[in-house]
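Trainee: Can we go through this one together? I'd like to know how each label gets its justification.
Mentor: Sure, pull it up and ask away.

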Amino acid sequence: MEHPNIVEFLVTGDYGLFSDPIMRVGGEKCSYQIPTYEALKGILSSVYWKPTFIWYIDKVRVMHPIQTEVKGIRPIKYNDGKNDLSYYTYLKDCAYQVSAHFEWNDNRPELFVDRNENKHHNIAKRMIIKGGRRDIFLGARECQGYVEPCAFGEGKGSYDDLPELSFGLMYHGLTYADEAYSEDTKGQMTANFWRPVMKHGVITFPRPEECPMHKPLRSMEIKPFGYAENNFSGLREFGEVE
């Protein structure tokens with residue numbers, strides 16, 4: 001096993017909306033055919049997360065056929081509070097097996113005392129059994145999702161017999177300042193892009209730093225954690241440190 005703290009789970013939902021940023025310019029939303037790295041990382045962060053570590057999504061397995069459904073939506077305009085009419089393209093009947101692991105966040109040396117791998121790994125597995133600490137959704141708040149434990153690769157997937165399927169250029173995720181992996185990403189919010197290929201139903205994700213394309217978006221400061229006054233750390237408050 002490459003990583004000793006791997007977690008595996010199944011996430012399901014009636015609908016998913018993993019938005020293509022290009023399709024949102026005119027107020028319409030159209031989902032990618034597969035979940036993005038960032039969306040799956042967000043799901044796992046809703047299950048269990050602390051600033052001590054960073055979740056890395058290793059691979060996802062598409063269990064159900066890729067289907068879409070177009071809905072007429074009346075979103076509220078932010079400038080005058082009136083309704084508008086838009087068409088959103090959702091994925092329907094979603095089910096994905098996910099394998100992931102965590103690594104310590106070197107940008108958070110102040111939380112070194114919280115680096116207890118066995119503790120965090122076991123809490124994460126318990127939270128998967130419980131369905132997560134926060135609400136789960138598939139890409140958009142209106143797409144409620146559910147998680148449960150699974151063994152990655154078990155069961156029959158809809159694309160197990162398909163040798164290869166490419167999805168072209170696709171958004172991978174964001175690298176925030178507190179997850180910077182290089183001098184170029186320090187103090188920045190950076191968008192990462194790649195070209196995913198599904199092989200026998202499984203998509204293996206590169207790490208953010210391994211993506212072939214990166215786009216700095218804006219300057220960003222690291223959110224403070226630790227023992228500063230009026231700053232909740234999750235350590236001292238629960239007696240984990242003296």
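**Labels and their reasons**

Mentor: Let's start with tyrosine 87, which has a relative accessibility of 45% and so counts as partly exposed. Keep in mind that this is a predicted model.

Trainee: What makes tyrosine 87 partly exposed?
Mentor: Buried needs under 20% and exposed needs over 50%. Tyrosine 87 has 45%, so it falls in between and is called partly exposed. You'll find tyrosine 87 in strand S5, residues 86–104.

Trainee: Which residues form a nonpolar patch with Tyr87?
Mentor: Val70 and Leu85 join Tyr87 in that surface patch, and together they have about 300 Å² of accessible area. A patch residue needs over 30% relative accessible area, and tyrosine 87 has 45%, so that requirement is met.

Trainee: Staying in S5, how do you know that cysteine 94 is buried?
Mentor: The cut-off for buried is under 20%. Cysteine 94 has 4% relative accessibility, so buried is the right word. Cysteine 94 is in strand S5 as well. Its C-alpha is 8.9 Å from that of glycine 145, although 51 residues separate the two in sequence.

Trainee: And aspartate 93, is that buried, partly exposed or exposed?
Mentor: Partly exposed: aspartate 93 has a relative accessible area of 37%, which is neither under 20% nor over 50%. Aspartate 93 also lies in strand S5. Look at its backbone, too: phi is near 50°, a positive value in a residue other than glycine.

Trainee: Where else does a residue other than glycine have a positive phi near 50°?
Mentor: Histidine 200 is one of them. Histidine 200 sits in the loop between strand S11 (197–199) and strand S12 (202–204). With 42% relative accessible area, histidine 200 is partly exposed, by the 20% and 50% limits.

Trainee: Why is the contact between arginine 61 and aspartate 160 called a salt bridge?
Mentor: The rule asks for a side-chain nitrogen of Lys or Arg within 4 Å of a carboxyl oxygen of Asp or Glu. Arginine 61 and aspartate 160 have an N to O distance of 2.8 Å, so the pair passes. The two come from distant parts of the chain, 99 residues apart: arginine 61 is in strand S3, and aspartate 160 is in the loop between S7 and strand S8 (165–166).

Trainee: Are these two partners buried or exposed?
Mentor: Arginine 61 is buried at 5% relative accessibility. Aspartate 160 is buried too, with a relative accessible area of 17%, which is under the 20% limit.

Trainee: What about the salt bridge between arginine 141 and aspartate 135?
Mentor: Here N to O is 2.7 Å, so the 4 Å test is met. Arginine 141 is partly exposed at 47%, and aspartate 135 is partly exposed at 43%.

Trainee: How do you know that aspartate 161 and lysine 156 form a salt bridge?
Mentor: Their closest N and O atoms are 3.4 Å apart, and the limit is 4 Å, so that pair qualifies. Both aspartate 161 and lysine 156 are exposed.

Trainee: How many salt bridges does the rule give?
Mentor: The count is 13. Lys50, Asp114 and Lys119 are linked in a network of salt bridges.

Trainee: What makes S6 and S7 a pair of strands?
Mentor: Pairing takes at least two bridges. Strand S6 (residues 136–137) and S7 have 2 bridges in the antiparallel sense, so they qualify. In one of these, phenylalanine 137 partners glutamine 144 of S7. The two strands form a hairpin with 6 residues between them, and glycine 139 in the turn has a positive phi of about 85°. S7 (residues 144–149) also pairs with strand S1 (residues 7–16), antiparallel over 4 bridges, and valine 11 has valine 147 as its bridge partner there.

Trainee: Why is H1 called largely enclosed?
Mentor: 10 of its 11 residues are buried, so the rest of the structure largely encloses H1. Among the buried ones are Tyr37, Leu40 and Ile43.

Trainee: What does H1 give to the largest pocket?
Mentor: H1 gives the most to the lining, with 7 residues. The pocket has a volume of about 1000 Å³. Of its 46 lining residues, the closest to the centre are Glu38, Ala39, Tyr171, Leu174 and Tyr176.

Terms used:
Residues are numbered from 1 along each chain as its sequence is written. This is a predicted model: local features need pLDDT of at least 70, side-chain atom pairs count only at pLDDT 80 or more; totals for chains, interfaces and linings use all residues. Side-chain values use heavy atoms; hydrogens and water are left out. Patches are made of residues with over 30% relative accessible area and no salt bridge: like charges are joined within 9 Å, nonpolar side chains (Val, Leu, Ile, Met, Phe, Trp, Tyr) within 5 Å. Accessible areas come from the Shrake-Rupley method with a 1.4 Å probe; for residues, only the protein chains shown count as cover. Buried means under 20% relative accessible area, exposed over 50%, partly exposed in between (1.4 Å probe, protein chains only). On a 1 Å grid over the protein atoms alone, a cavity is a set of points where a 1.4 Å probe fits but cannot get out, and a pocket is an open set with protein on both sides within 12 Å along at least five of seven lines; lining residues have an atom within 4 Å of a point. Grid points are joined across faces, edges and corners, and a volume is the space filled by probe spheres set on the points.
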